[in-house]
Amino acid sequence: MNSIIQFVNDWSRRGYEKGEAQVFWLSFLRDVLEITETEKIIKFEEPIPNGFIGALIEDKKVLIEQKSSSIKLEVEVFRQTKKYNDTLEYSRKARWIVTCNFKEVLIYDMNKRKPELEPLKNFGCLNF
């Protein structure tokens, strides 16, 4: 629990998408989820037609779209991220779509008929 509190404290006044997104996710995976060699499981700025996916954890079928802290995580952010997922080959499509603005993390389970928000604790079910 201390690692989560420390992580939140470290990131509470930060939130620049282009300059801090990669460090944010590497830190989250390492310091909160306690994953070693984080750089081996996550790919950043994965090119797709007409854009880039913020991050992919292909082994776990996770697609992450990071926004700056000033951006609200509304339905449009999810729609954009789902479109990115739709451009991937079937074998690479994400089961979990994650949108984040440094303050909030929303997780959508694409295995459901209508994607539903899942609690952050479900991130642990990915068995890292």
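Is R14 buried, partly exposed or exposed? Keep that in mind as we look around this structure, which is a predicted model.

Let's start with helix α2, which runs over residues 17-32. With 16 residues, a straight helix at 1.5 Å a residue would reach 22 Å, but the end C-alpha atoms of α2 are only 20 Å apart. So α2 falls short of the straight-helix span. Just after the helix, the backbone does something worth finding on your screen: E34 takes a positive phi of about 60°.

Now look at which side chains of α2 are tucked away. The buried residues of this helix are E20, A21, F24, W25, S27, F28, L29 and V32. And what sits over them? The cover includes helix α1 (2-11) along with the strands β1 (43-48), β2 (51-57), β3 (62-66) and β4 (96-100).

One name in that buried set leads us back to the opening question. E20 forms a salt bridge with R14, and the closest N and O atoms of the pair are 3.0 Å apart. E20 counts as buried because its relative accessibility is 16%, and the cut-off for buried is under 20%. R14, on the other hand, has a relative accessible area of 35%, so R14 is partly exposed. In other words, this salt bridge links a buried residue to a partly exposed one.

That pair has company, as a search of the whole structure finds 11 salt bridges. Take E46 and R92, whose side chains meet with N and O 2.9 Å apart. E46 lies in strand β1, while R92 is in the loop between α3 (75-87) and β4, so their salt bridge ties together parts that are 46 residues apart in sequence. Here both partners are buried.

For a salt bridge between neighbours on one helix, go to α3. The side chains of D86 and K82 meet there at 3.2 Å, N to O. Why can they pair up along the helix? D86 and K82 are four residues apart in α3, which means about one helical turn separates them. An α-helix has 3.6 residues a turn, so residues three or four places apart point the same way. Both ends of this salt bridge are partly exposed: D86 has a relative accessible area of 43%, and K82 has 30%.

Finally, some salt bridges share partners. Through such sharing, K43, E46, E58, E89 and R92 are joined into one network. You've already met two of its members, E46 and R92, as a buried pair.

Conventions. Residues are numbered from 1 along each chain as its sequence is written. This is a predicted model: local features need pLDDT of at least 70, side-chain atom pairs count only at pLDDT 80 or more; totals for chains, interfaces and linings use all residues. Side-chain values use heavy atoms; hydrogens and water are left out. Helices (H or I, at least four residues) and strands (E, at least two) are DSSP runs, numbered from the N terminus. Buried means under 20% relative accessible area, exposed over 50%, partly exposed in between (1.4 Å probe, protein chains only). Contact means heavy atoms within 4.5 Å. A salt bridge is a side-chain nitrogen of Lys or Arg within 4 Å of a carboxyl oxygen of Asp or Glu.
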